[in-house]
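Hi everyone, thanks for making room for me today. I'd like to walk you through one structure, so let's put it up on the screen.

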Amino acid sequence: MKIRLLFFLLLCTTVTGWAQLKSPAEFLGYPVGTKLTPHWKLISYYKHVAEQSPKTVRMQQYGTTNEGRPLYVAFISSESNINRLEEIRQNNLRLAHSLNDGKQANEQTPPIIWMSNNVHGNESSSAEASLLTLYDLVNPANQKAQQWLEKTVVVIDPCLNPDGTDRYVNWYNSVVGDQLNARRDAREHHEPWPGGRPNHYYFDLNRDWAWQTQVESQQRVAFYNKWLPQVHVDFHEQGINNPYFFPPAAEPLHEVITPWQRAFQETIGRFNARYFDEKGWLYFTKERFDLFYPSYGDTYPTYSGSIGMTYEQAGNGSAGLGVVTDELDTLTLVDRAIHHHASGINIVQVSAEHAPKLIKEFRDFYNQAVSGKLSSYQSYVIKYEDKHAAKLNALQTFLKNNDIQTYTAKGSFKGYNYTTAKEESYSCTEKDLVIPANQPKAALIRVLFEPHAKLNDSVTYDITAWAMPYVYGLEAYATKSPVALGKPYERDSIRNQLSATMGYAMKWNGFAVAQITSELLKKGYAVKYSEESFTIGNEVFPSGSVVILKKGNEKFTNSIAQELTVLGDRYQIRIYSLQSSYVDKGRDFGSPSVVKIKAPKVAMFTGEGTSSINSGEIWHYFDRQLKYPITLINVGDYDRTDWSKVDVLILPSGKYPFLKDKAQSEQFTKWIQAGGKVIAMQTAVDQLSSQSWSSMKLVKKDTILPTTPKTTVKYGDRERNALTNYTAGAIFKLTIDPTHPLMFGYESYYTLKQDDKIYQFAGNDKGWNVGYIGENARTSGFVGEKLTKYLKNGVVFAVQAVGKGSVTYLTDDIIFRNFWENGKLMMANATFFVGNAQ
């Protein structure tokens, strides 16, 4: 009798506990997909489930967005697995040779399955679907799910981009009526600029996994690398007329991706296909979505040993709650969420059924990594030079953020010189930085550093070149044999000790110096720069070097030394005390060639018609990196612009109607002629080139007829044939004029070319050709055969004087996704130097 009573009480407790757990519809007050769920309510449901199911669900906050919204993950597994979650994590790192605590890795452990949702804020179905997936996994009535959770640990990130998500959700909920309107011309299907896809700074977080320029990425990747899951799925949406995409991924797949990683994509894909076939849902595989560019939510995990996958549901910001497709079907958010939910559950099932194999192959991946078997080169050596110390520091920070180990080097070797593109001998110095390929992050290192990645299919989704030495502007070598390693690399710490002298100087040789200059200008210091290099004793100061004299800074007499010491130490820049205005070589500090920097009032046209991506890059650059004030003005408010409060105007890539309006364009020209400075980027250059006063004119493309008649070209080859005039993004070495202020601090420059445009050389009386593509300038990446013949002997960067003002033409994106480190100094040059002494 007592046993029966005890059983009855336990049963009641279980039922009562389950009864307290609400389904998504019960908690939200509406079925999933019938309304858009704001981020706070999404997280509230996750917390509700965690509170009601504490034995099988654990929530953890890993970060906060720019706008203050929390970033969470939920761990879902069996009670026994949740109780030893930290033990599972540490053991997983031992499997990956990423935790050296002397303990043996145990392969009898559940694989970790990580699901990422809503990295694009207006791709709503994944976050909504995650509510269903969470409930389905926790529901004790789902016996199959409970069995899967005994064998796996599921991690769900419900929303990677809360700021973008709420931007979209709040807008949509404010314009939709009591009933959805599926007509495509209804306003609810046309987001206002910049849309909900990007984060606060208009960045595409799905391109930022490796670079980690954004706060969300920095926090997420740091957390992710503490777990290193065996499976990672990134849920997305695509155009409304595409059905559904799931793996296998399309070519190109990077060579470093292992046979197992490829095979398991096939396994998961076939399983999902059977389920979709049963439901009558259309899908496609092996098209469009490749695995090459290293900073996606599928490739970064793949290069870290996971089965990294993208799933794409028809939808995006134009879909709303329901929209009519080309086939006259109504695509609803309800259906979109159901599809992603089904895929998520299928992934858990397949992973559970292959749990031992997932662990074994994960272990083998990292065994190969630390033995050097995943590498094409065995070592990468970054040459240390005092003038590039700031760039090397920036690179080392990037490597550290990706858990990549670095060392000092010893001895001599022969390797590929990134600058000369030749095999050369080199002897290491004690300050050179070495990245050995035989370490846990070997696959990622190979992808980031190899000079020429093999592209087995030129139809790719993104840029095709990003080798870090070119991105950072550093001389480097790649060796086929290991380099003798010294101790773990530690940068020399700079501690400035400044004496009370007549002034101070900084060498203009890195972005960190520009950051210090920005701080000084904001605080009202009188800052000068030298147009020519100068020498004091054994120290050579390149053109652009900054001088802060006590004369002109009398109000800072008692604080200037302390201020500069703090800034120099913070940014790790050597600051030199000056004993005299007299220099040993070059122009003395009283020379007209030593020019005062006027702290410019910077503005940027933005808003509808401009590229939100490029606008965001510039905004983030000024706001979070250079930390210099910038005013964002909607281009539609041109007539409201107070031109007296603008010294430098930045035109990001976009369309500018005022340039076609006679009165407005004349007013704009007069502002430049009176001393205004313009920095035009990418397509903004095209539009300025149409102005009568512009020196920029496009080079006309070759009009020679093809040797093969068009009638013999196969229709099925039309996409591939179009690539002969195309590049998604390749690196070119420019010929530069280092004497021009735009190029102060540069000896060479590698540009990322993403279009088919180059411009004619300007005559001596019409402007300065500061950077141009010469013969055989392509360094890395894919460029179509016909385009290769065209992209030569043309201007990429130029400066033109217009009256007392100037226009800087930047036809390539010098701060691309804000990871193109070597372009950041150029943007500072354009802002602070160009046009100051014409």
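**Cavities, and two packed helices**

Okay, so counting cavities of 30 Å³ or more, we get four. Keep in mind that this is a predicted model.

Let's look at the largest cavity, which has a volume of about 70 Å³. Which residues line the largest cavity? Going along the chain, you'll find T37, H39, L42, N118, G121, S124, A127, E128, C159, T165 and V169. Sorted by type, that lining has six polar residues, four nonpolar ones and one charged one. And three helices, α3 (39-52), α6 and α8 (162-175), each put at least two residues into the lining.

Now stay with α6 for a moment. Helix α6, residues 125-138, packs with helix α7, residues 143-151, at an angle of about 90 degrees. Their axes are 7 Å apart. Angles from 65 to 115 degrees count as roughly perpendicular, and therefore that's what we call α6 and α7. From α6, the contact uses D136, L137 and V138, while α7 brings A145, Q146 and L149. Of the residues in that contact, four are nonpolar, one is polar and one is charged.

Last thing: how confident is the predictor? The mean pLDDT of the protein chain is 94, with 95% of its residues at 70 or more. But watch residues 1-17, where pLDDT stays under 50 and the model has one contact beyond four places in sequence. Residues 703-709 also stay under 50, with zero contacts of that kind.

That's my bit, thanks for listening!

Conventions:
Residues numbered from 1 in each chain as written. Predicted model: local features only at pLDDT ≥ 70, side-chain atom pairs only at ≥ 80, totals over all residues. Heavy atoms only, no water. Axes fitted to C-alpha atoms, helices over the stretch in contact; angles between N-to-C directions. Helix = DSSP H or I, 4+ residues; strand = E, 2+ residues; numbered from the N terminus. Parallel < 35°, antiparallel > 145°, perpendicular 65-115°, else oblique. Contact = heavy atoms within 4.5 Å. Nonpolar A, V, L, I, M, F, W, Y, C, P; charged D, E, K, R; others polar. pLDDT = per-residue confidence, 0-100. 1 Å grid on protein atoms, 1.4 Å probe; cavity = no way out; pocket = protein on both sides within 12 Å on 5 of 7 lines; lining within 4 Å. Points joined across faces, edges and corners; volume = space filled by probe spheres on them.
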